[in-house]
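Subject: A structure for you to look at

Hi,

Here is the structure I promised to pass on. Have it open while you read, and click along as you go.

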Amino acid sequence: MATITGPLSGDAKNTVVEALQGALVDLIDLSLVAKQAHWNLVGSHFRPIHLQLDELTDLARAHMDTVAERCVALGSSPDGRSATVAKSTRLQQPEHGWIEDGKVVATVTDILAGVSKRMYERIRATEEADPVTQDLFITIAQDIDKQHWMFQAQR
């Protein structure tokens, strides 16, 4: 079996890999939560929110792939298994069944605020350990903050 190594070692690698794994779980579950809300959304603002949830899903999926690949580039194996995500997620879960558009907007706004907060924690944690990963988290935070603003404006 091939061994994949990266430029980091010791505490720096551990710090960065932990931050990447946390981000991966956030992004995977964000994509799942957004799709769940997308499928079960009802209300007078259905169409624009339905489309915005697709945008959020696409954003989360694109970033989760980048995060997982960064983890591999550092010589660590990312864990995106459903059991790991279910056990590790910190995201609020949407209600079961049909969800009114106002409730979806409120729930997604709160979820995005939490994801944003954790991304900023990861930005600080990786500042010295790995500026490349920090840059990745800055890009993700920028996109999450934009989505947060767009959902928040609909409250």
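Below is what turned up, starting with the salt bridges and ending with two histidines. One thing to keep in mind is that this is a predicted model.

**Salt bridges**

Side chains of opposite charge can pair when their charged atoms come close. Searching the whole structure gives 8 salt bridges, and I'll walk you through some of them.

Start with arginine 118, which pairs with aspartate 26; their closest N and O atoms are 2.9 Å apart. The two come from distant parts of the chain: aspartate 26 sits in helix 1 (residues 10–40) and arginine 118 in helix 4 (residues 101–126), with their positions 92 residues apart. Are they buried or exposed? Arginine 118 has a relative accessible area of 8%, so it counts as buried. Aspartate 26 has just 2%, so it is buried too.

Aspartate 26 has another partner as well: its side chain meets that of arginine 122 in a salt bridge, at 3.1 Å from N to O. Here again helix 1 and helix 4 are involved, so this pair ties together parts that lie 96 residues apart in sequence. Arginine 122 is buried, and so is aspartate 26.

Now for a pair within one helix. Glutamate 121 forms a salt bridge with lysine 117, with 3.6 Å between the closest N and O atoms. Both lie in helix 4, 4 residues apart, which is about one turn of the helix. Glutamate 121 is partly exposed, because its relative accessible area is 32%. Lysine 117, at 55%, is exposed. Back to the earlier residues for a moment: Asp26, Arg118 and Arg122 are joined into one network by salt bridges that share partners.

**Two histidines**

Where is histidine 63? You'll find it in helix 2. Its relative accessibility is 10%, so it counts as buried. Leaving aside residues up to four places away in sequence, histidine 63 touches Leu27, Thr139, Ile140 and Asp143.

Histidine 45 is in the loop between strand 1 (41–42) and helix 2 (46–73). With a relative accessibility of 47%, it counts as partly exposed. Try finding glutamate 100 from there: it is 55 residues away from histidine 45 in sequence, yet 9.2 Å away in space, going from C-alpha to C-alpha.

That's the tour. Have fun exploring!

Cheers

Methods:
Residues are numbered from 1 along each chain as its sequence is written. This is a predicted model: local features need pLDDT of at least 70, side-chain atom pairs count only at pLDDT 80 or more; totals for chains, interfaces and linings use all residues. Side-chain values use heavy atoms; hydrogens and water are left out. Buried means under 20% relative accessible area, exposed over 50%, partly exposed in between (1.4 Å probe, protein chains only). Contact means heavy atoms within 4.5 Å. A salt bridge is a side-chain nitrogen of Lys or Arg within 4 Å of a carboxyl oxygen of Asp or Glu.
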